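Me: I'd like to learn how to read packing, pairing and burial from a model. Could you take me through a few features, one at a time?

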Amino acid sequence: MADDYLVRIGKLIRDARQHRGWTQSQLADALGTSQSAVNRIERGNQNISLEMIARIGEALDSEIVSLGYAGPMHLRVVGGRRLSGSIDVKTSKNACVALLCASLLNKGRTVLRRVARIEEVYRLLEVLNSIGVRTRWINDGVDLEIVPPARLDMDAIDAEAAVRTRSIIMFLGPLLHRLDQFRLPYAGGCDLGTRTIEPHMIALRRFGLDITATEGIYHAKVEAGVAPDRPIVLTERGDTVTENALLAAARHDGVTVIRNASSNYMVQDLCFFLEALGVKVEGIGTTTLTVHGVPVIDADVDYSPSEDPVEAMSLLAAAVVTESELTIRRVPIEFMEIELAVLEEMGLDHDRSAEYVADNGRTRLVDLTVRPSKLEAPIDKIHPMPFPGLNIDNVPFFAAIAASAQGKTLIHDWVYDNRAIYLTDLNRLGGRLQLLDPHRVLVEGPTRWRAAEMMCPPALRPAVVVLLAMMAAEGTSVLRNVYVINRGYEELAERLNSVGAQIEIFRDI
């Protein structure tokens, strides 16, 4: 059987397994084989008989034996519909991927509650499974159980899954305490321009980590006995940089001070999780973190990550551009206050409930009701800042909101090299956006949205912004190859349909 067909069959099996909510280990148990064999099958590295394909299809209740190729997923959007009712915000994508990486610190059993069922999580689970970590969905597929092996098999790492997620870079912090040397594939993820890992290296060298890069692989070596002798000052206040430093400090036998740290939502969730593991973290929510490390972590821990403020912003923007009244429940208000202050100045009509506490016991939530509003362009430009400023990932949604407002709005997306460019895709749908340079876009509204067929932008948040504009446009639009949306949102189309949207998922024949 040709290698190409083996790879296609492997992808079909993997997709069917994930749709069923099974891990590789669960499928292996059903087939009476090993997890490593299932991993090889899904990667297209093992010959497979028609009898075995039929057995897998029966186990997964999927007609894999037909050998059809699962092409890319597309969305057909019938726009011009008003939304109504209420919708819950899911748990944070960025917190969930950080906690999956953090589970490598723990020798015991980790249970994460209400984990986002998204492609980014699936890719990390594939990587974890390939190196020997046992994972399984429990409680009807809502929660995730993680049990590490005594020894990680880094030689078996699923490189294909690893390069499809930038989150793999957060393996560096935990692994430097477990291995003297190891290799990791280059990190991937969204196409957002050049993103150097040097800030990570500056922080992790203080723990003895040295990395050389050759032919798509990071070669890591750890020098024993090296530890920070003074505070670590991060050269950028990045989320993943801060998380990597925290993960390295968590098992350092001593006190580590991290300055210029991000205090964003996913960093706070990681700190709360580390505290559940027995690691004391002082200064949570500030830019100086003091970590009292524990050299051996062996705890059975149960943790609930908080809700996603970027998804909350996505749903708020959906209500604004479709001129709808919608209640968005479980909004992490601490990480939305600047966005709401800007929107109030623009004229947003909304109410919020009294605050209540998330399942992690720490994050403040509200229910937010948004009503149709006559918006005016803000006087000042829209630009992101590190928390507690306007969230970097929420900036693209202001492009759709500004296009619904009267007047001209300047959006300055200074963090990424080319994300602002993708916002001009809204012009295909009737928007009037002028790209001033790779970081600045001038948006003129209000917009009479029109339907169109187009490819999905390769960056997550601009892709969702295009989808929201299609929901506002009268007629039928098609958004092709939406894998990037599935990386960060769980069943977004289905959930939007539950409050009145009309979005059909389809694949090419």
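Reply: Let's begin with packing. Contact means heavy atoms within 4.5 Å. Keep in mind that this is a predicted model. Here, the buried residues of helix H10 pack against helices H5 (93-102), H8 (172-175), H9 (198-204) and H11 (265-276), and also against strands S10 (255-259) and S12 (288-292).

Me: How many residues of H10 are buried?

Reply: For burial, the cut-off is under 20% relative accessible area. By that standard 10 of the 12 residues in H10 are buried, so the helix is mostly covered. The buried ones are Val241, Thr242, Glu243, Asn244, Ala245, Leu246, Leu247, Ala248, Ala249 and Ala250.

Me: What span should H10 have, and how far apart are its ends?

Reply: The expected span is 1.5 Å times one less than the number of residues. For the 12 residues of H10 (239-250) that gives 16 Å, and the end C-alpha atoms are 16 Å apart, so the two agree.

Me: On to strands. Which strands pair with S14 and S15?

Reply: Two strands count as paired if there are at least two bridges between them. Strand S17 (residues 364-371) pairs antiparallel with S14 (residues 326-332) over five bridges. S17 also runs antiparallel to S15 (residues 349-352), joined by four bridges. Look at Thr369 in S17: Thr327 has it as bridge partner, and Asp351 stands opposite it too.

Me: What about S16 and S17?

Reply: Those are antiparallel as well, with two bridges, and Val357 stands opposite Arg364 of S17. Six residues lie between the strands in this hairpin, where Gly361 takes a positive phi near 80°.

Me: Now a single residue: is Ser477 buried or exposed?

Reply: Ser477 sits in strand S22 (residues 475-480) and counts as buried, because its relative accessibility is 0%. Its side chain reaches the backbone nitrogen of Ala452 at 3.1 Å. Setting aside neighbours within four places in sequence, Ser477 is in contact with Leu75, Arg76, Val77, Leu429, Ala451, Ala452 and Met470.

Me: And where does Ala276 fall, buried or exposed?

Reply: Partly exposed applies between under 20% and over 50% relative accessible area. Ala276, which lies in helix H11, has 39%, so it is partly exposed.

Me: How far is Ala276 from Asp300 in sequence and in space?

Reply: Check both separations. Ala276 and Asp300 are 24 residues apart in sequence, and their C-alpha atoms are 9.4 Å apart in space.

Note on methods. Residues numbered from 1 in each chain as written. Predicted model: local features only at pLDDT ≥ 70, side-chain atom pairs only at ≥ 80, totals over all residues. Heavy atoms only, no water. Buried < 20%, exposed > 50% of the residue type's maximum accessible area, 1.4 Å probe, protein only. Polar contact = N/O pair within 3.5 Å; in protein donor to acceptor, adjacent residues only side chain to side chain.
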